[in-house]
Amino acid sequence: MSKQEVSESGACCSPLAREPLTEDWAGDLARMFKALGDPVRLRLLSLVASHAGGEACVCDISATIELSQPTISHHLKVLRHAGLLDCERRGTWVYYWVIPSALQQLSAVLLTEGGPVVPSEACATEVPA
């Protein structure tokens with residue numbers, strides 16, 4: 001991932017309004033959003049994230065979605081390459097889990113503090129009550 005800090009989301013503006021995204025960070029975010037742009041992958045991410053213990057065996061995933069195993073594997077691979085999932089082989093099965101920092105990045109970049117996105121100059125000045 002890029003050097004851009006997610007912890008900056010505590011500031012008054014979303015990262016999009018505070019300053020332009022760096023080329024690297026924009027590329028990382030675009031890969032993640034593109035991976036989530038497919039309904040099957042979004043559903044798979046949700047299945048993994050909501051599974052008991054925060055991780056799911058590919059056998060559990062295959063049992064809950066009506067796609068062939070190679071298709072499921074392809075979509076899981078895309079989510080892994082986008083940095084949204086990680087996995088580990090245990091015996092004959094592969095277990096997947098969501099990478100929390102990736103979801104935090106997606107959330108932080110879109111976060112607005114209860115209102116419209118404001119220009120970055122407005123972040124530097126305090127708004128009177």
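A residue counts as buried when its relative accessible area is under 20%, as exposed when over 50%, and as partly exposed in between. With that yardstick in hand, here is how the charged and nonpolar side chains sort themselves out in this predicted model.

The structure holds 3 salt bridges. One of them pairs Asp28 with Arg31, whose closest N and O atoms come to 2.6 Å. Both partners belong to helix α2 and sit 3 residues apart, or about one turn of the helix. Their surroundings do not match: Asp28 is at 12% relative accessibility and therefore counts as buried, while Arg31, at 46%, is partly exposed.

The other charged contacts gather around Arg90. Glu55 reaches Arg90 with a closest N–O separation of 2.7 Å. Because Glu55 is in strand β1 (residues 55-57) and Arg90 in strand β2 (residues 85-90), this pair ties together parts that are 35 residues apart in sequence. Glu55 has a relative accessibility of 24%, so it counts as partly exposed. Glu88 also bridges to Arg90, here with the closest N and O atoms 2.6 Å apart. Glu88 is partly exposed too, its relative accessible area being 38%, and Arg90 itself falls in that class at 32%. Through these shared partners, Glu55, Glu88 and Arg90 end up in one network. Arg90 has a further contact on the aromatic side: its charged end sits over the ring of Tyr95, 4.4 Å from the ring centre. As for rings meeting rings, there is nothing to report, with 0 aromatic pairs in the structure.

Turning to the nonpolar side chains, the largest core has 24 residues, and the members touching the most others are Ile61, Leu76, Leu79, Leu84, Leu85 and Tyr96. Two or more residues each are supplied by α2, α3 (39-50), α4 (58-64), α5 (69-81), β3 (93-98) and α6 (100-110). Helix α2 gives the largest share, 5 residues.

Not every nonpolar side chain is tucked away, though. Leu16, Phe33 and Leu110 make a nonpolar surface patch of about 280 Å². Phe33 comes from helix α2, which covers residues 23-36, and its 35% relative accessibility is why Phe33 counts as partly exposed. Helix α2 thus turns up in several places: it carries the Asp28–Arg31 pair, contributes 5 residues to the largest core and holds Phe33, a member of the surface patch.

Key: Residues are numbered from 1 along each chain as its sequence is written. This is a predicted model: local features need pLDDT of at least 70, side-chain atom pairs count only at pLDDT 80 or more; totals for chains, interfaces and linings use all residues. Side-chain values use heavy atoms; hydrogens and water are left out. Rings of Phe, Tyr and Trp (its six-membered ring) pair if their centres lie within 6.5 Å; planes under 30 degrees apart count as stacked, over 60 as edge-to-face and the rest as tilted. A charge sits over a ring if NZ of Lys or CZ of Arg is within 6 Å of the ring centre and within 35 degrees of the ring normal. Patches are made of residues with over 30% relative accessible area and no salt bridge: like charges are joined within 9 Å, nonpolar side chains (Val, Leu, Ile, Met, Phe, Trp, Tyr) within 5 Å. Accessible areas come from the Shrake-Rupley method with a 1.4 Å probe; for residues, only the protein chains shown count as cover. A salt bridge is a side-chain nitrogen of Lys or Arg within 4 Å of a carboxyl oxygen of Asp or Glu. Helices (H or I, at least four residues) and strands (E, at least two) are DSSP runs, numbered from the N terminus. Buried means under 20% relative accessible area, exposed over 50%, partly exposed in between (1.4 Å probe, protein chains only). A nonpolar core is a set of buried Ala, Val, Leu, Ile, Met, Phe, Trp, Tyr and Cys residues joined through side-chain atoms within 4.5 Å.
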